[in-house]
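Here are my notes for your first pass through this model. Keep the viewer open while you read, and take the points in order.

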Amino acid sequence: MDTTPRSPFRTPPDLATLNALSRNTAMEPLGIVFTEIGHDFIRATMPVDERTRQPYGLLHGGASVLLAETLGSSAGMLCVGEDEACVGIEINANHLRGVREGTVTGTARPLHVGGRTQVWEIRIEDERQRLVCVSRITLAVIARP
């Protein structure tokens, strides 16, 4: 008997499509790039530079949250039917470590994928795989407008 958990993704994930959807959005000027899709996760990177730092030289918490929401919402959209969409209804973030330069990597994994709501955990790490931020987003599944 196969004990591998079923993937939450209904739509076959495709990096090129995800990255193309980022054009002309908030993700593009911040340099967010989707880099990997796994059985139950999606991953993206974001540079820590003048676009994403706050005035004191550290990665801006708002930039981390934008990366987290991008990952959670994008993952959620891969789990719904063509006549549905996901919208964020709550997000939180704990900023655990400052980053001054380099690249951070965020990974979104599902905690709950239901018919009306989804909850995703997003872990953002620095280049040494140290946890920088942990975030959780709750999405509502709605009829596509």
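1. Start with the nonpolar patch on the surface: V87, I89 and I142 make it, and its area is about 230 Å². Bear in mind that this is a predicted model. I142 belongs to strand β6. With a relative accessibility of 33%, I142 counts as partly exposed, because that value falls between the 20% and 50% cut-offs.

2. Stay on β6 and look at T138, which is part of that strand too. T138 is buried, with a relative accessible area of 17%. Leaving out residues up to four places away in sequence, T138 touches V87, G88, I89, E90, Q118 and V119. Two of those names, V87 and I89, should ring a bell from the patch.

3. Now go inside. Which residues touch the most other members of the largest nonpolar core? They are I42, L59, L67, L71, V104, W120 and I122, out of 31 residues in that core. Several elements feed this core: α2 (27–30), β2 (42–48), α3, β4 (102–113), β5 (117–125) and β6 (131–143) each supply at least two residues.

4. I122 deserves a click of its own. Not counting residues up to four places away in sequence, I122 touches A68, L71, G72, T107, A108, C133, V134, S135 and I137. L71 appears there as a contact of I122, and L71 is also on the list of core residues that touch the most other members.

5. Helix α3 passes a simple length check. Its 17 residues, 61–77, should span 24 Å at 1.5 Å a residue, and the C-alpha atoms at its ends are 24 Å apart, so the two figures agree. Quite a few α3 residues are buried: A63, S64, L67, A68, T70, L71, G72, S73, S74, A75 and G76. As background, an α-helix has 3.6 residues a turn, so residues three or four places apart point the same way.

6. G61 is also in helix α3. Is G61 buried, exposed or partly exposed? At 23% relative accessibility, G61 counts as partly exposed. If you want a distance to try in the viewer, G61 and E125 are 64 residues apart in sequence and 13 Å apart in space, C-alpha to C-alpha.

7. On to charges. Side chains of opposite charge can pair when their charged atoms come close. How many salt bridges does a search of the whole structure find? It finds 5. Take R10 and E84 to begin with: their closest N and O atoms are 3.9 Å apart. This pair links distant parts of the chain, with R10 in the segment before α1 (15–21) and E84 in strand β3 (residues 84–95), 74 residues apart. R10 counts as exposed at 60% relative accessibility, whereas E84 counts as buried at 18%.

8. Here are two further salt bridges to check. D49 pairs with R51, and the closest N and O atoms are 2.7 Å apart. D49 counts as buried at 15% relative accessibility, while R51 counts as partly exposed at 38%. R130 pairs with D126, with 2.8 Å between the closest N and O atoms. R130 is partly exposed, with a relative accessible area of 29%, and D126 is buried, with 8%.

9. Next, a couple of backbone oddities. N24 has a positive phi, near 60°, and is a residue other than glycine. Where is N24? N24 sits in the loop between α1 and α2, and it is exposed, with a relative accessible area of 72%. Q129 has a positive phi as well, about 60°, although it is not a glycine. Q129 is in the loop between β5 and β6 and is exposed, with a relative accessible area of 57%.

10. Last, S22, which lies in the loop between α1 and α2. S22 is buried, with a relative accessible area of 5%. Setting aside residues up to four places away in sequence, S22 touches M27, E28 and F34. S22 and I122 are 100 residues apart in sequence and 18 Å apart in space, C-alpha to C-alpha.

Definitions and conventions. Residues are numbered from 1 along each chain as its sequence is written. This is a predicted model: local features need pLDDT of at least 70, side-chain atom pairs count only at pLDDT 80 or more; totals for chains, interfaces and linings use all residues. Side-chain values use heavy atoms; hydrogens and water are left out. Helices (H or I, at least four residues) and strands (E, at least two) are DSSP runs, numbered from the N terminus. The expected span of a helix is 1.5 Å times one less than its number of residues. Buried means under 20% relative accessible area, exposed over 50%, partly exposed in between (1.4 Å probe, protein chains only). A nonpolar core is a set of buried Ala, Val, Leu, Ile, Met, Phe, Trp, Tyr and Cys residues joined through side-chain atoms within 4.5 Å. Contact means heavy atoms within 4.5 Å. Patches are made of residues with over 30% relative accessible area and no salt bridge: like charges are joined within 9 Å, nonpolar side chains (Val, Leu, Ile, Met, Phe, Trp, Tyr) within 5 Å. Accessible areas come from the Shrake-Rupley method with a 1.4 Å probe; for residues, only the protein chains shown count as cover. A salt bridge is a side-chain nitrogen of Lys or Arg within 4 Å of a carboxyl oxygen of Asp or Glu.
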